[in-house]
Amino acid sequence: MTDLPVPVPETDNQPFWDYLRSGELRVQRCASCGQLRHPPRPACGACGSFEVEWAGMSGKGAVYSYIVSHQAVHPALADRVPFATVVVELDEGPRLTTNLVDVEPEDIEIGQRVELAPTALNDEITLPLFRARR
Amino acid sequence: MRFANQVAIAGIGETDYSRESGRSELMLTLQAIRAALDDAGLQPHDVDGLMRWSVDTSSEGEVASNLGIRDLAWFGEVSQAGNVGAALVTHAASAIYAGLAEVVVIYRGVNGRSGRRYGRGDVTGRGGRGGGAFSEPFGLLTPQHGLAMQARRRMHEFGTTSRQFGMVAVTAREHANRNPRATFYDRPLTIDDHQQSRFVVEPFRLFDCCLETDGGGALVLTSAERARDLKQPAALIRAAAQAGYAAERTYVDTSAAVLGPRFWRQAKLDRGEIDVVQIYDHFAPFVIFALEDYGFVPRGEGGEFVESGCIRWDGGTLPVNTSGGHLSEAYLQGMNHLIEGVRQVRGASTSQVADAHYSFVDTGVGTGAIVLEGGTR
């Protein structure tokens with residue numbers, strides 16, 4: 001079974017993965033204007049500043065959109081379909097592409113409340129997955 | 001824009017469209033270019049400019065040497081993926097208007113079915129690197145995954161339905177059934193066929209998805225002045241512009257929401273003046289979203305517009321994708337839409353709109369668009 005691609009940390013996003021390894025979800029916050037942004041990148045699109053802080057998130061949010069792959073259009077999906085991918089909008093505002101653990105694809109709906117479920121792939125990478133909020 | 005009606009598309013050419021061409025992408029490219037030059041009444045030695053999609057595998061050097069071009073005065077490519085056709089026209093028109101080149105050929109030759117397939121991420125996958133680290137590990141692996149995510153949110157916001165998506169596909173098929181070059185020329189499609197078709201990536205059903213095609217296409221651009229002396233009625237480039245998308249995805253706005261207002265302003269045209277439209281239909285829902293975001297219809301009303309038959313050649317007020325488009329003619333990454341846009345102002349489409357004067361072509365749901373102007377009304 002082909003695996004889904006594993007994130008390859010790079011200079012501009014290494015802290016994101018470092019925090020997740022310890023179970024923390026942090027996203028970039030512009031140290032100049034306070035704008036949150038994700039995925040990580042060098043400069044603030046709102047004010048242009050390079051100064052950045054890593055702001056801790058509550059890990060709570062809601063499903064903003066979702067898809068369900070039924071055809072394995074990519075080899076990595078071969079033994080996984082039907083496979084749901086969701087976009088979660090955090091209560092703080094940023095949106096992340098992720099998966100829901102323990103939720104069947106047919107039970108996913110927009111607006112559904114979810115919370116962070118950090119899931120270790122290996123020693124280096126922990127994925128920011130989510131689960132239905134209990 | 002200053003080059004308005006100063007540059008023209010003087011020649012169009014294409015190969016046959018198939019699932020397995022049995023030819024190299026370079027061969028498809030050269031055959032399409034030869035056809036376009038023949039159409040214009042020009043010779044290979046007249047060409048001094050070449051432009052291509054960055055994802056096209058035939059380099060300008062290979063093409064120039066096979067055509068016998070000794071002095072290539074202008075060449076270039078535009079990056080992103082399939083969605084840069086109108087951007088290439090914009091660049092080429094700028095170069096011709098600036099006097100940097102006299103005859104520029106824009107080409108696309110691709111074994112998109114038998115070779116590297118866009119639909120399987122062969123061209124666009126990033127192996128978990130760069131931005132791919134935040135999408136691919138979660139199953140967002142191909143263009144259709146990201147676009148389906150956007151379509152789902154848009155359905156939620158505006159109430160657009162799968163059945164309305166289906167009417168886009170059915171209309172494209174009706175047009176393809178009139179076009180002998182189309183892949184699905186002899187295959188009808190009903191709304192029930194669409195609604196009963198399986199999901200590929202929900203909310204996209206099979207018949208929401210474009211074809212994968214082997215084939216080639218080419219355009220010959222030159223000054224309007226020179227075009228007047230050539231074989232075909234000139235398709236004057238009334239307007240051409242491109243737009244890059246912002247990194248921050250809204251999942252609601254397409255790039256047409258950005259390009260649209262600027263485009264109509266730069267073009268000094270009103271949407272209501274447009275007679276016929278081609279829209280980049282990699283996925284049927286995006287025809288509706290583009291119609292809305294370019295302002296042809298108010299947001300949230302595109303679905304009803306399509307459902308009530310307005311985009312049909314037969315009786316519609318604004319016929320869309322009159323050759324069958326990417327859904328039913330061929331998927332040549334916007335090239336076949338540009339070719340059909342030219343045919344419409346020449347009066348040569350198989351679904352010809354009567355007295356088509358302004359022909360609008362989008363080649364990426366807002367990444368770029370052109371308006372071609374034909375003869376007098």
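**Exercise 1. A buried acid and its partner**

Asp293(B) is buried, with a relative accessible area of 8%. Work out which residue its side chain meets in a salt bridge, and how accessible that partner is.

*Solution.* Keep in mind throughout that this is a predicted model.
- Step 1: place Asp293(B) on the accessibility scale. Its 8% is under the 20% limit, so Asp293(B) counts as buried.
- Step 2: find the partner. The side chain of Asp293(B) forms a salt bridge with that of Arg299(B), at 3.0 Å from N to O.
- Step 3: classify the partner. Arg299(B) has 34% relative accessibility and is therefore partly exposed.

**Exercise 2. Following a network**

Identify the residues that shared salt-bridge partners join into one network in chain B, then find which parts of the chain the pair Arg181(B) and Glu14(B) ties together.

*Solution.*
- Step 1: list the members. Glu14(B), Arg181(B), Glu329(B), Glu340(B) and Arg343(B) belong to one network, joined by salt bridges that share partners.
- Step 2: look at one pair. Between Arg181(B) and Glu14(B), the closest N and O atoms are 3.2 Å apart, and the two form a salt bridge.
- Step 3: locate both ends. Glu14(B) is in strand S1 (residues 7-14) of chain B, while Arg181(B) sits in the loop between helices H5 (162-176) and H6 (191-196), so the bridge connects parts 167 residues apart in sequence.
- Step 4: check accessibility. Arg181(B) is partly exposed, at 29% relative accessible area.

**Exercise 3. A link across chain A**

Show where the two partners of the salt bridge between Asp91(A) and Arg113(A) lie, and decide how accessible each is.

*Solution.*
- Step 1: take the distance. The two side chains meet at 2.9 Å, N to O.
- Step 2: place the partners. Asp91(A) is in the loop between strands S5 (83-90) and S6 (95-98) of chain A, and Arg113(A) is in strand S8; the pair links distant parts of the chain, 22 residues apart.
- Step 3: compare with the cut-offs. Asp91(A) has a relative accessible area of 45%, which makes it partly exposed. Arg113(A), at 35%, is partly exposed too.

**Exercise 4. A helix and its surroundings**

Explain why helix H3 of chain B can be called largely enclosed.

*Solution.*
- Step 1: describe the helix. H3(B) covers residues 85-97, 13 residues in total, and spans 18 Å between its first and last C-alpha, close to the 18 Å expected.
- Step 2: count the buried positions. Of the 13 residues, 10 are buried, so the rest of the structure largely encloses H3(B).
- Step 3: name some of them. Among the buried residues are Gly85(B), Leu88(B), Val89(B), Thr90(B) and Ile96(B).
- Step 4: look past the end. Gly99(B), which follows H3(B), has a positive phi near 80°.

**Exercise 5. Backbone details worth a look**

Find the backbone feature at Pro39(A), at Pro203(B) and at Lys268(B).

*Solution.*
- Step 1: start in chain A. The bond from His38(A) to Pro39(A) is cis, with omega near -5°; Pro39(A) is in the loop between strands S2 (36-37) and S3 (52-56).
- Step 2: go to chain B. Glu202(B) and Pro203(B) are joined by a cis peptide bond with omega about 15°, and Pro203(B) lies in the loop between strands S5 (199-202) and S6 (204-205).
- Step 3: turn to phi. Lys268(B) is not a glycine, yet its phi is positive, about 55°. Lys268(B) is in the loop between helix H8 (256-267) and strand S9 (276-278) and, at 65% relative accessible area, is exposed.

Key. Residues are numbered from 1 along each chain as its sequence is written. Chains are lettered from A and ligands numbered from 1 in the order in which they are written. This is a predicted model: local features need pLDDT of at least 70, side-chain atom pairs count only at pLDDT 80 or more; totals for chains, interfaces and linings use all residues. Side-chain values use heavy atoms; hydrogens and water are left out. Helices (H or I, at least four residues) and strands (E, at least two) are DSSP runs, numbered from the N terminus. The expected span of a helix is 1.5 Å times one less than its number of residues. Buried means under 20% relative accessible area, exposed over 50%, partly exposed in between (1.4 Å probe, protein chains only). A salt bridge is a side-chain nitrogen of Lys or Arg within 4 Å of a carboxyl oxygen of Asp or Glu.
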